[in-house]
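Subject: Structure handover

Hello,

Here is the structure we talked about, for you to open alongside this note. My notes on strands and helices follow below it.

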Amino acid sequence: MFTRHQRVIRFALLPGLILCGFAVSLVQAAAPVVYPKTQKVEQIDDYHGTKVADPYRWLEDDNSAETHQWVEAQNKVTFGLLEQIPSREKIKTRLTNLWNFERFGIPSREGGRYFYSRNDGLQNQNVLYTVTKLDGEAKVLLDPNKLSADGTTSLAGTDVTESGKHLAYGLSMAGSDWNEWKVRDIESGNDLTDHIKWVKFSGASWTKDGSGFYYSRYDEPTEATKLTGANYFHKLYYHKLGTPQSEDALIYQRQDQKDWGFGGGVTDDGRYLVINVWKGTDPNNLLFYKDLQDKNGKVIELISEFESSYDFIDSDGTVFYFQTDRDAPRKRVIAIDVTKPDRANWREVIPQAADTLNSVSLVNNKLVTSYLKDAVTAVKIYDLTGKFVRDVQFPGLGSAGGFGGKKTDRETFFSFTSYTTPSTIFRYDMETGESTVFKKPNVDFKSDDYETKQVFYKSKDGTRVPMFITAKKGLALDGNNPTYLYGYGGFNIPLTPGFSVSSAVWLEMGGVLAIPNLRGGGEYGKEWHDAGRKLNKQNVFDDFIAAAEWLIANKYTSTPKLSIGGGSNGGLLVGACMTQRPDLFGAALPAVGVLDMLRFHKFTIGHAWTSDYGSPDNPEEFKVLHGYSPLHHLKPGTSYPATMITTADHDDRVVPAHSFKFAAALQESHSGPNPVLIRIETKAGHGAGKSLTKQIEERADQWAFLVQVLKMGDVAIPSIKPEPKSGKPTS
């Protein structure tokens, strides 16, 4: 949630593995499915004069014995059916084999050392390495796989002191958003006594001298409420190295603003603490700072109104650089001298362009700007006056990320990927503009056999929407291709091309992968986002439905062969579309979805999502929410697509009660032979940090479900025995 340059990704509903969270459906079972009977209670709520029944309210109590029994009974039915699918083990084997390749994260540099993550192939969690020279022999700095027997403890964040002596690192257990932070001596590999708990939606940021770091946390919850209780009153603290957490200094809080959140980061020169203030998932934020040279200095409000987004890039003396959408819906770069903060003195460095400005970093005294051109990455470099220097060249159309570093660094690193090309890591020379391969994966996937096309279609109101379609070359457009239509459409988050082992296996099985860039996302800036949120949310569903209709009209697929999927906010998308147009889809899989739009704001960080969804407490917004809420849109006696809902018992982002209640109501309302199941994972959360073992198992179940319900038959799947790995990093 926090980066060195304070380009904070404010909390949003995004699963950790967006393209791997695939949705599928099951074919008609040989015999009618007998679902567990779910108890109903008399619960009626009054929303602005509208009476709404909630008969499955009791499933919100994740600690009750009754809920545990219900989960066990549902999983027994689901796994009992999945175990009967002949292709299930074959798919699991292929996923395992294909995932067994060495892969790397983007390196960073601090204190004369490089740091990067690596996975030798089938490790549950990536391992953190350090090396003094890029071509030297790297050593293991932190291996999360050794922290739990089942691989469910994951690394949630890191920050290294400028000296390269100490590493602060966060850990997540069983996929929870709650993190614990510790400190490791990099040379010896031993942990110090420092132990920070109850951290959420925060990273750590060291002071320049390495004497301590800043972080944010909530008050300690009770055991009963830690996975479901509402998170309010975020607080920013300073932890001094070698002292207990009880002595940490409270730097900033707002007792009058319970839903504000804070991310504190120290500028590269060590002079300022920059505090990003967020409210919900709204891109609009506040920006405060504190001069660390002044021991008695107060927190100064530089941006004090939630009127635009201001992403801090870096500072140059007293000049702060920002990426902002103020007076620029597709964003621009401005400079503010904090000694002359009046808006009349603000300076535009890079004006708004035709394409959407997605991110900016300051490296080698240059501004590295990343744009989205119809959801494809284009990177341009400017000097600090805004003069264009050069374009960064990529090997094709796809997504590039990274470009981190400091003002004085002569090099940076980035990754490049597409739907058919695994992520390759490049070193980029900021002086010469030359890119060289740092690490390129060797994956048992024939990328050249497949192609990605970008098409544009019209939504219900005539809006032009882009969509990526990936399939085997020479695909016959006969309406008979099994197709997976994936979407998100929310929280200003763009969907850009990226390789996924799950999608690769789907393509190998003869499937078509279709991903539209729906309104509500960040592909085209503020206006695109606003067109798909709050009172405009139905536009997102209309865009998705129009994508399905386009695929059918152009004979890529047909209703019996069309599955839809999405996770988190994308789970809401699937739930809304399958209840609005049950006739259109052959299969649906809402994953970790927000499915009860009248009570989402009452759990954990759900109140933060009202900036995108609106609030049931607002009469006008309630009407819209109630009108599309998947839980409340189910109609008794309707034949719904074959459905498998997925959730996890440690999901404290979108609590599993959403999926529990929706599954119970769907099973009650549904008529017809299509199975409607729920798969409930244990010791897992919203998606981030999920062990590879659990990822493979879940993907295998989802693809097997889809093979069965879309009647794909005996799919041809490559079966190659994975080569043993040496356990050492290689190029």
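How many residues lie between S8 and S9 in their hairpin, and which residue in the turn has a positive phi? Five residues separate the two strands, and Gly164 is the turn residue with a positive phi, about 75 degrees. Please keep in mind throughout that this is a predicted model.

The hairpin strands

S8 covers residues 153–160 and runs antiparallel to S9, with seven bridges joining the two. Within that pairing, Thr158 has Tyr169 of S9 as its bridge partner.

S9 also pairs with S10 (residues 179–185), again in the antiparallel sense and over seven bridges. Here Ala168 is bridged to Val183 in S10. S9 and S10 make a hairpin too, with five residues between them, and Ala174 in this turn has a positive phi of about 55 degrees. As for exposure, S9 (residues 166–173) is mostly covered, with seven of its eight residues buried.

The eight-stranded sheet

Further along the chain there is an open sheet of eight strands with mixed pairing, in the order S32-S33-S35-S34-S36-S37-S38-S39. Its edges are S32 (450–458) and S39 (676–681), each of which pairs on one side only. On average, neighbouring strands in the sheet are turned by 20 degrees against each other, direction ignored.

One pairing in this sheet is that of S33 (residues 464–472) with S35 (residues 512–516), which is antiparallel and has four bridges. Thr470 is bridged to Leu513 of S35. Helix H3 (residues 501–508) packs on the sheet and touches S32, S33, S34 (483–486) and S35; the direction of H3 makes about 130 degrees with that of S35.

Another helix, H9 (residues 657–669), lies across S37 (587–591), S38 (642–648) and S39. The angle between H9 and S38 is about 160 degrees.

Helix H10

H10 spans residues 692–709, which makes 18 residues. From first C-alpha to last it reaches 26 Å, close to the 26 Å expected at 1.5 Å a residue. Is H10 mostly enclosed or mostly open? Of its 18 residues, 15 are buried, so H10 is largely enclosed by the rest of the structure; buried here means under 20% relative accessible area. After H10 comes Lys711, which has a positive phi near 55 degrees.

Regards

Key: Residues numbered from 1 in each chain as written. Predicted model: local features only at pLDDT ≥ 70, side-chain atom pairs only at ≥ 80, totals over all residues. Heavy atoms only, no water. Pairing = 2+ DSSP bridges. Axes fitted to C-alpha atoms, helices over the stretch in contact; angles between N-to-C directions. Contact = heavy atoms within 4.5 Å. Expected span 1.5 Å × (residues − 1). Buried < 20%, exposed > 50% of the residue type's maximum accessible area, 1.4 Å probe, protein only.
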